[in-house]
Amino acid sequence: MKIFRMPAVRLVPFFLAALALSFASYPTARAADDMPAVGVAAPDFTLNSQEGAPINLHDFRGQWVVLYFYPKDMSPGCTIEAHAFQNDLAEYQKRNAVILGVSVDTVDSHKAFCAKDGLNFKLLADINHQISSQYGSLMTFGTNTVAARNTFLIDPKGQIVKEFVKVNPSSHSTDVLAALDELQKGSMK
């Protein structure tokens with residue numbers, strides 16, 4: 001029996017091609033250094049909510065803002081994350097905080113998501129991907145472009161005071177509430 005052996009040098013192109021194909025299906029996101037930094041003013045924007053009404057970030061001055069980016073309405077992880085925020089909504093209100101969810105889905109998709117899942121906070125439609133990109137929270141998954149699961153905690157003066165990158169949807173609301181408590185405790189000193 002004769003065994004055919006290919007020289008290692010000739011295997012390199014095959015190896016590189018296989019490696020490139022294996023990474024093609026993985027989601028890619030903009031680097032964290034593309035995000036606005038903690039300590040700077042949160043980039044202002046206007047996006048339409050699930051009601052079709054324009055929502056301006058600057059309208060929430062004087063309140064804490066939880067600006068969370070998520071990939072897709074009604075997907076499993078995004079539903080878990082949204083339910084946790086909804087379940088904790090009264091706790092956020094006690095802390096003078098509003099929740100704004102942003103994805104690249106349409107107003108109609110947001111409206112259906114809120115109706116189906118009983119969500120009572122604002123979901124904003126970034127259909128042109130501009131705000132998700134501006135916040136370094138845009139990623140490609142296969143052939144689709146979606147918002148990356150990142151959150152920015154913005155203080156009442158409009159400054160970004162905390163970032164959460166690649167969050168765990170199951171524990172995220174709890175994590176944000178803990179950070180909010182710590183930041184508010186620190187601002188009272």
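Good morning. The protein chain in this model has a secondary structure of six helices and 10 strands; here helices (H or I, at least four residues) and strands (E, at least two) are DSSP runs, numbered from the N terminus. The model is a predicted one, in which local features need pLDDT of at least 70 and side-chain atom pairs count only at pLDDT 80 or more, while totals for chains, interfaces and linings use all residues. Residues are numbered from 1 along each chain as its sequence is written, and side-chain values use heavy atoms, with hydrogens and water left out.

Let me begin with the chain as a whole. Of its 189 residues, 44% are buried. Buried means under 20% relative accessible area, exposed means over 50%, and partly exposed lies in between, with a 1.4 Å probe and protein chains only. Contact, in this talk, means heavy atoms within 4.5 Å. Among contacts between residues at least 6 apart in sequence, 68% join residues at least 24 apart.

I turn now to strand β4, residues 64-69. Six of its six residues are buried, so β4 is largely enclosed by the rest of the structure. In a regular strand, side chains alternate between the two faces of the sheet. On one side of β4 we find Trp64, Val66 and Tyr68, and on the other Val65, Leu67 and Phe69; all are buried, and both faces are thus covered.

Which strands pair with β4? Two strands pair if DSSP finds at least two bridges between them. With β5, the pairing is parallel and runs over six bridges. With strand β9, residues 151-154, the pairing is antiparallel and runs over four bridges. Val66 takes part in both directions: Ile99 stands opposite Val66 in β5, and Leu153 is the bridge partner of Val66 in β9.

Other strands form hairpins. Strand β2, residues 46-49, runs antiparallel to β3 and is joined to β3 by three bridges, with Asn48 opposite Pro54. Four residues lie between these two strands in the hairpin, where Gly52 takes a positive phi near 85°. Strand β2 is also joined to β6 by two bridges, again antiparallel; there, Ser49 has Leu124 as its bridge partner. A further hairpin is made by β7, residues 138-141, and β8, residues 144-147, which run antiparallel and are joined by four bridges. Thr140 of β7 stands opposite Thr145 in β8. This hairpin has two residues between the strands, and Gly142 takes a positive phi near 65°.

Next, helix α4. Its buried residues are Ser109, His110, Phe113, Cys114 and Asp117. Why are these residues said to line one face of the helix? Seen down the axis of α4, they fall within an arc of 130°, so they line one face; the arc is that of the directions from the helix axis to the C-beta atoms. An α-helix has 3.6 residues a turn, so residues three or four places apart point the same way. The face turned away from the buried side carries the exposed residues Asp108, Lys111, Ala115 and Lys116. On the buried side, the packing is against α2 (76-87), β5 (97-103) and β6 (122-125).

Consider one residue of this helix, Ser109, which is found in α4, residues 107-117. Ser109 counts as buried because its relative accessibility is 17%. Leaving aside residues up to four places away in sequence, Ser109 touches Asp73 and Met74. Just after the helix, Gly118 takes a positive phi of about 65°.

Finally, the interior space. Rolling a probe the size of a water molecule over the atoms shows where empty space is left. On a 1 Å grid over the protein atoms alone, a cavity is a set of points where a 1.4 Å probe fits but cannot get out, and lining residues have an atom within 4 Å of a point. Grid points are joined across faces, edges and corners, and a volume is the space filled by probe spheres set on the points. How many cavities of 30 Å³ or more does the structure hold? There is one, and the largest cavity has about 60 Å³ of space. Among the residues lining the largest cavity are Ala42, Phe60, Arg61, Val65 and Ile154.

Arg61 lies in the loop between β3 (54-56) and β4. Although Arg61 and Ile154 are 93 residues apart along the chain, their C-alpha atoms are separated by 9.4 Å. Arg61 also touches Pro156, Lys157 and Gly158, not counting residues up to four places away in sequence. Thank you.

Methods: On a 1 Å grid over the protein atoms alone, a cavity is a set of points where a 1.4 Å probe fits but cannot get out, and a pocket is an open set with protein on both sides within 12 Å along at least five of seven lines; lining residues have an atom within 4 Å of a point.
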